[in-house]
Amino acid sequence: MLGIGFDIAPISHEFDDEIQSRIDNKTKPLGALGELEFLAKQIARVLGKDKPKISNPKLLVFAADHGIAAAGVSIAPSEVTTQMVMNFINGGAAINVFCRQVGFELEVIDCGILQPLEGVEGIIDQRLGAGTAPIHRQAAMTLGAVKQGMEMARARIEHHHQLGCNLIALGEMGIGNTTSAAAIMACIMEMDSIDCVGRGTGIDAATLKRKQMLVEQALHVHESELADPFNILACLGGFEIVQMTGAMLAAAERGMLVVIDGFIATAAAMVAVKINPNVRGYMIFGHQSDERGHCLMMEHLHARPLLKLDMRLGEGTGAALALPMIQAAAGFYNEMASFSDAGIEI
Ligand SMILES: O=C(O)c1ccc[n+]([C@@H]2O[C@H](COP(=O)([O-])O)[C@@H](O)[C@H]2O)c1
Ligand SMILES: Cc1cc2nc[nH]c2cc1C
């Protein structure tokens, strides 16, 4: 299709009975660790049933600008994307605070903000352009850019994998990107745009109406081009959405856990699943966003988000806050005594 494929092994269910019995024999009433038991099972399937250990967890924030922002779909101008990227670099954003708190190493990737930040240390340059084209008028990018973005993302994931990372979390920053994500949602889930478009950064009712109209227009303009996931990305996507999609697929290819943040990251997850459904088994959903549509995306993906805190910030915040829960699931699976270890009979 695009000359780029992802070779992802389906999650193995071979040891499910053994994993379940190990969980059931821990010193607790059956099922008493609830959702953590479900999570432990997934971790054991992905990282191995004997002693699955999360190592060198990394959180990547993918930043890019969107041509559609100039049509007035956000509370903020595109320049705020760059300003927030500088805030990430200086350690002052919510995601910096949460990463420090939970022990995630944070990396900021410029996938195509308006202007390159020359001479600023600490930004990974994976630029695909200076923001996408406005999707209500033309394709966001070429198919060549989609391919290049996926290859760049794969190389970055390979870099982290080589350094011993087996859990990658994905977040984003990009003024206007809830419009792009809503268009992708409407397209993949075959839904009315009105049910997919939400308030993003907190727009008023009139802006919401314009945003809905622009999404409808985008879907109409590209109607005949949306048959496959790569074209969906080219027509409706963003540079950060393309690279998150590629990163998810590349991480699953390497047997890593993939932790997904909010509405925009989940739009990328839906595209990734369309490209290769085997990726789904590696995905953990950190948080259900307050953005309209996210709840339905979760249902579509049969996802069980670990947290619901009514956040709608992005940046990877919902994925970061989920890390202690993921570590708790691996921790109880590895370290809790069984009934026979503890000499308890019930
Ligand atoms: O992740 C979410 O669920 C989410 C929901 C609403 C807004 N955001 C963030 O807000 C920005 C996009 O909002 P907007 O209104 O500019 O489309 C972008 O930087 C996202 O990280 C993120
Ligand atoms: C201030 C601000 C911070 C953000 N973080 C993610 N998206 C954002 C959008 C705005 C406007």
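**From a glycine after helix α4 to the ligand shells**

Helix α4 is followed by G103, a residue whose phi is positive, near 90 degrees. This backbone detail, like everything described below, is read from a predicted model, and it offers a starting point from which the rest of the fold can be approached.

The helix that precedes G103 spans residues 94-102, and its buried residues are I95, N96, F98 and C99. What lies over these buried positions comes from both kinds of secondary structure: the cover includes the strands β1 (58-64), β2 (105-112) and β4 (167-173), together with the helices α3 (79-90) and α12 (317-335). These elements belong to a protein that has 13 helices and six strands in total.

At the level of the whole chain, the C-alpha atoms fill a box of roughly 70 × 45 × 40 Å when it is taken along the principal axes. The radius of gyration is 20 Å, and because a compact globule of 346 residues would have a value near 20 Å, the two agree. Of the 346 residues, 53% count as buried. The contacts also reach far along the chain, in that 76% of those between residues at least 6 apart in sequence join residues at least 24 apart.

Among the strands that cover α4, β4 deserves a closer look. Seven of its seven residues are buried, so that the strand is mostly covered. L167, A169, G171 and M173 point one way from β4, whereas I168, L170 and E172 point the other way, and the residues of both sets are buried. On one side of the pairing pattern, β1 and β4 run in the parallel sense and are joined over six bridges, with E172 of β4 serving as the bridge partner of F62. The strand β5 (residues 257-260) is also parallel to β4, to which four bridges join it, and here L167 has L257 as its bridge partner.

The residue E315 brings several of these elements together. Its place is in the loop between α11 (294-300) and α12, and an unreviewed UniProt entry carries the annotation "active site" for this position. Why does E315 count as buried? There are 27 other C-beta atoms within 10 Å of it, and a residue is classed as buried when 20 or more are found within that distance. Leaving aside neighbours within four places in sequence, E315 is in contact with V61, A93, A94, I95, G171 and M173; I95 has already appeared among the buried residues of α4, and G171 and M173 point one way from β4.

E315 also belongs to the residues around ligand 2, which are A76, V80, M84, M173, T201, L313, G314 and E315. By class, this shell has five nonpolar, two polar and one charged residues.

The surroundings of ligand 1 comprise 22 residues, of which the closest are S74, G200, G262, S289 and G314. The elements that give two or more residues to this shell are β4, α6 (177-189) and α10 (263-275), and α6 gives the most, with three residues. By class, the shell around ligand 1 divides into five nonpolar, 12 polar and five charged residues. G314 is listed among the closest residues of ligand 1 and is also one of the residues around ligand 2, while β4 contributes to the shell around ligand 1 and its residue M173 is found around ligand 2.

Notes:
Residues are numbered from 1 along each chain as its sequence is written. Chains are lettered from A and ligands numbered from 1 in the order in which they are written. This is a predicted model: local features need pLDDT of at least 70, side-chain atom pairs count only at pLDDT 80 or more; totals for chains, interfaces and linings use all residues. A residue is near a molecule or strand if its C-beta atom, placed from the backbone, lies within 6 Å of it. Ala, Val, Leu, Ile, Met, Phe, Trp, Tyr, Cys and Pro count as nonpolar, Asp, Glu, Lys and Arg as charged, and the others, Gly among them, as polar. A residue is buried if 20 or more other C-beta atoms lie within 10 Å of its own, exposed if 12 or fewer, and partly exposed in between; C-beta atoms are placed from the backbone. Two residues are in contact if their C-beta atoms, placed from the backbone, lie within 7 Å. The radius of gyration is taken over C-alpha atoms; the globule rule is 2.2 Å times the number of residues to the power 0.38. UniProt positions are given in the numbering used here, feature names are shortened, and annotations may be inferred rather than shown by experiment. Two strands pair if DSSP finds at least two bridges between them.
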